[in-house]
Amino acid sequence: MSKWKPQKTRPLARDARRRFGKGLELELLRGPPLGPGVVTADYGTVLAAMEQFDPEMPWKKARARILPMLPRVRPLPGPELKLARAMLPPGILVGFGIDIGPAITFVGAALLDRWRVDVLTVVAAPLANLRQLADQCDREVAIRDRIGDVPVTVVQTRLGIAASLILVPDCLDRLLGPGPHLLLAPMRDILVALPPDVDREFASWLADEWEALDPNHLHLGGFRHERETIVPEALDEAMARA
């Protein structure tokens, strides 16, 4: 079984840091290599998006672009930024980010102060935006296959929201059916549905295999899904750091 080992990040090159106006700075770090089939935006694409980004946009404008961010095993950004976070059903400490296309800018507590809103006010917007994006997905984003004798359904939205759909289970019912399922959320845009009685050792192995492909993977355990209800289920003792 493959398993990713953390490595120290480092700048890509001397020109991988760019200062923008209004105190905004971008530094691109080289992380561990991605697994087969896992892609990320190149530096030029991210830079172009950042040049169009207004770090001083008001809340009235930002609320239409803010999305929930599930906790990753390799937390970004660094601890120097105090993130705005909230505990959301089914029991996940969720952060928030502003979607700028090929990247996400994280929402910190200082930004909430400037917007003059609290976390409770913020929470409703990313969930509404998530539902709106989910409505753009048809059932073809759910690919059905088998691994051995186990039926497996994989959801990949190409919008970066598949795993976050566990926060809006009413949207899951349309894409996966009412269940019951055991769900795995190994990457930001991968959600895996298995039969509810699947062998838990197999489910843990499958989650590990997906996670090993992406150094920015999630590690949230499993979730039981049935008729717009999500209940967490630990597959092992190690859970992602929020």
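These legends walk through close-up views of the salt bridges in a predicted model.

**View 1. Arg 131 and Asp 170 pair up across two helices.** Start with one of the three salt bridges that the structure holds. Arg 131 reaches Asp 170 here, and their closest N and O atoms sit 3.1 Å apart. The two partners are 39 residues apart, so this pair ties together distant parts of the chain: Arg 131 belongs to helix H4 (residues 119-135), while Asp 170 belongs to helix H5 (residues 169-176). Neither end is hidden away: Arg 131 is partly exposed at 33% relative accessible area, and Asp 170 is partly exposed too, at 31%.

**View 2. Arg 200 meets Glu 233 in a salt bridge.** The N to O distance for this pair is 2.5 Å. Again, distant parts of the chain are linked: Arg 200 lies in helix H6 (residues 200-211) and Glu 233 in strand E14 (residues 230-233), with their positions 33 residues apart in the numbering. Have a look at how much of each partner is accessible. Arg 200 counts as partly exposed, at 28%, whereas Glu 233 is buried because its 16% falls under the 20% cut-off.

**View 3. Glu 233 has a second partner, Arg 224.** Stay with Glu 233 and you'll find its salt bridge with Arg 224, where the closest N and O atoms are 3.1 Å apart. Arg 224 is partly exposed, with 39% relative accessibility.

**View 4. Arg 200, Arg 224 and Glu 233 form one network.** Put the previous two views together and the shared partner shows up: salt bridges join these residues into one network. As a rule, side chains of opposite charge can pair when their charged atoms come close.

Conventions
Residues are numbered from 1 along each chain as its sequence is written. This is a predicted model: local features need pLDDT of at least 70, side-chain atom pairs count only at pLDDT 80 or more; totals for chains, interfaces and linings use all residues. Side-chain values use heavy atoms; hydrogens and water are left out. A salt bridge is a side-chain nitrogen of Lys or Arg within 4 Å of a carboxyl oxygen of Asp or Glu. Helices (H or I, at least four residues) and strands (E, at least two) are DSSP runs, numbered from the N terminus. Buried means under 20% relative accessible area, exposed over 50%, partly exposed in between (1.4 Å probe, protein chains only).
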